[in-house]
Amino acid sequence: MSGTPAPRPPFVVTPGPHLRTSESTAGIMWWVNAALLPTTAWGVWVFGPPALEVILGAVAGAVGAEALANRLMKQRLTVKNGSAVCTGLLLALTLPPLVPWWAALIGGVFAILFGKMIFGGLGYNLFNPAMIGRAFMMASFPVAMTIGWSIPRAWYSRLEAITTATPLGVMREHDLQAALHLIGGPEGWFRLLIGLRPGSIGEVSVVLILLGALVLLARGIIRLYAPLGVFFGLALMTSFSGAAWLHMLSGGVWLAAFFMATDYVTAPVTRPGQLVFGVLIGLLTGLIRMWGGYPEGICFAILIANAMVPALDLWFRPGRVQTAGAPS
Amino acid sequence: MSRARAWLTAALAALSLAAGTARAAEVRVLSARVVAPSELRLRFSAPLPRADAENFRLTHAQAPDIPIPVSRVRLADGNRVVLTFEQRLMPAEHYRLELADPPLAHDVRPAAWALLLSVMIAAAFINNFVFTRYLGLCIFFGVSKKRDTAIGMGIVFTLVMIFTAMVSWSLDTFVLRPLQLGFFQILVFIGVVASVVQFLDTMLRKTHPVLHRKWGIYLMLITTNCIILAVPLLNAQASNGPLDSLALAIGSGAGFALALFLMSCARERLEYARVPQPFQGLPIAFALAGLFALAFMGFSGLDFFR
């Protein structure tokens, strides 16, 4: 009898409660990546190979930095769970298409190292790593980040690219009329919907972003509280400016509302908290767009709202955890 | 008799009517507002007799000899006039408008409360002392470990800031400047901070021992804070008036309290994070403050008079 191993017990005895789910971090992350694919493909089709270079650069930077950090911290390799790919992809989708690929790569490295790994990895970061990467690039490569916009489909006219300005940038420098002229008159809302306008790689097509968001909603991966809050806040802020629909349809609002304000790690836990978080993002975006120093403010709005999240989590706790006495 | 009386009343009525129209014809400026980039919107109490460009002369308050050329005059109903100028006007600045006919002069500047509010917001968010000027870091990192201490510190700090700024402003305005002792500013302000803190400490200990036990510890720390010294110096440098000084003090105190509060919430959450060994403690706090600064970059360039 000595040669045979002890038989494995048929039952695992552990204390309750017992939760079973087929969901895993990796599964969710790869679903998010898949949901981003339509708008990514559209970005590459509209802005041509320069956009593809930026995407590959950012993803390579993010994945490489995560593998390096895993090695340095003597952790298991966490590249396969898809979160680094997601960070790199989200960063690339918020970048202007004519940014040099090496700048996107540096942005991806910074996003992962200082946005996520320095806190111990996925689940501990306070700020959205992709937005940290973008803000870092705004500070480090301000010129490339301000002039790197291209006219849609310009690459296919046998020119390398035709630089231009975004609708929001034109509205800031000139007025609403000039912005309307850029998108092709008052009927331009259709172009804004399908995504034939200058803008960041992945933010231009509202319809395809919505498609991805619907997939995530159907899978139960994201909830609508934060996105609705973002739209409400921005509408409230811009309703007096006379160009509310242009504000709602251009810029990175849709991408940010569905794919960044719903991030599990950097958004509040409870539903009221998520709603307030979203409204805060919307209000700050409108504030920066209309009175601030940048034509598009959603990146900084998300970062500032992220900074508020620990406080929001304290103010809006889940019912059963609430302790006696008012939270301060 | 009755006829003479009727004539008299008629004459009186005509006289008062004439006086009334004369008063109505007297033109006053009811409101004047600069709208970016280069418009001045005016509202008068009565129609203007002349509305050509030569009738208006606008100068900057600091350059009263150089008129800003008017490119277009547009009349609107309700006695409104919109002047367009050939150069940019700054809504936050102070201009002087003079009319040739009728001879009138009017100061064009934003409301005082709007200026004070903008000073306060600028000090709290746009030029937050911790996140954009990197001042006051010793207290910022020392006290932001726990939320309760951070809140206490934030409140005490703001109060002391307001107190010292006002005392320093009066000393600067009524003693140092008249005696031309401006070079003593730093020395005097340090003395003011130290004595104000000592005074508050003693007073609090005698009158409110409970409050002193709770918050007295922070007072001593504040003595050596650089923001507390920077605000009086900035006020003196910009020759701010009493209200501006007060607004700057309130704004920077509130900005520091906000920074301290956000940082303490974040650091309490970091207690559970698996921060790599070399970054534990202060290094991760510094990195976190850097990321906060990156987020606060979003407020740069904020201008409510745009």
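These legends go with three close-up views of a predicted model.

**View 1. Helices α1 and α10 of chain A, packed against each other.** Here α1(A), residues 25–47, meets α10(A), residues 206–218, at an angle of about 165°, and their axes sit 8 Å apart. Since angles over 145 degrees count as roughly antiparallel, that makes the α1(A) and α10(A) pair roughly antiparallel. As for handedness, α1(A) and α10(A) cross in the right-handed sense.

**View 2. Who touches whom between α1(A) and α10(A).** On the α1(A) side, the contact is made by W31(A), V32(A), A35(A), P38(A), T39(A) and W42(A). Across from them, α10(A) brings in L208(A), I209(A), L211(A), G212(A), V215(A) and L216(A). Sort the residues of this contact by character and you get 10 nonpolar, 2 polar and no charged.

**View 3. Strand β6 of chain B, with β2(B) and β5(B) as its partners.** β6(B) covers residues 80–85, and it's mostly tucked away: 5 of its 6 residues are buried. One partner is β2(B), residues 39–44, which pairs with β6(B) in the antiparallel sense over 5 bridges. To get your bearings on that pairing, look for L42(B), standing opposite V81(B) of β6(B). Another partner is β5(B), residues 70–76, also antiparallel to β6(B) and joined to it by 6 bridges. In this case the landmark is V70(B), which stands opposite F85(B) of β6(B). β5(B) and β6(B) make a hairpin, with 3 residues between the two strands. Check the turn for G78(B), which has a positive phi of about 75°.

Note on methods: Residues numbered from 1 in each chain as written. Chains lettered and ligands numbered in written order. Predicted model: local features only at pLDDT ≥ 70, side-chain atom pairs only at ≥ 80, totals over all residues. Heavy atoms only, no water. Axes fitted to C-alpha atoms, helices over the stretch in contact; angles between N-to-C directions. Helix = DSSP H or I, 4+ residues; strand = E, 2+ residues; numbered from the N terminus. Parallel < 35°, antiparallel > 145°, perpendicular 65-115°, else oblique. Left-handed = near helix turned anticlockwise from the far one by under 90°. Contact = heavy atoms within 4.5 Å. Nonpolar A, V, L, I, M, F, W, Y, C, P; charged D, E, K, R; others polar. Buried < 20%, exposed > 50% of the residue type's maximum accessible area, 1.4 Å probe, protein only. Pairing = 2+ DSSP bridges.
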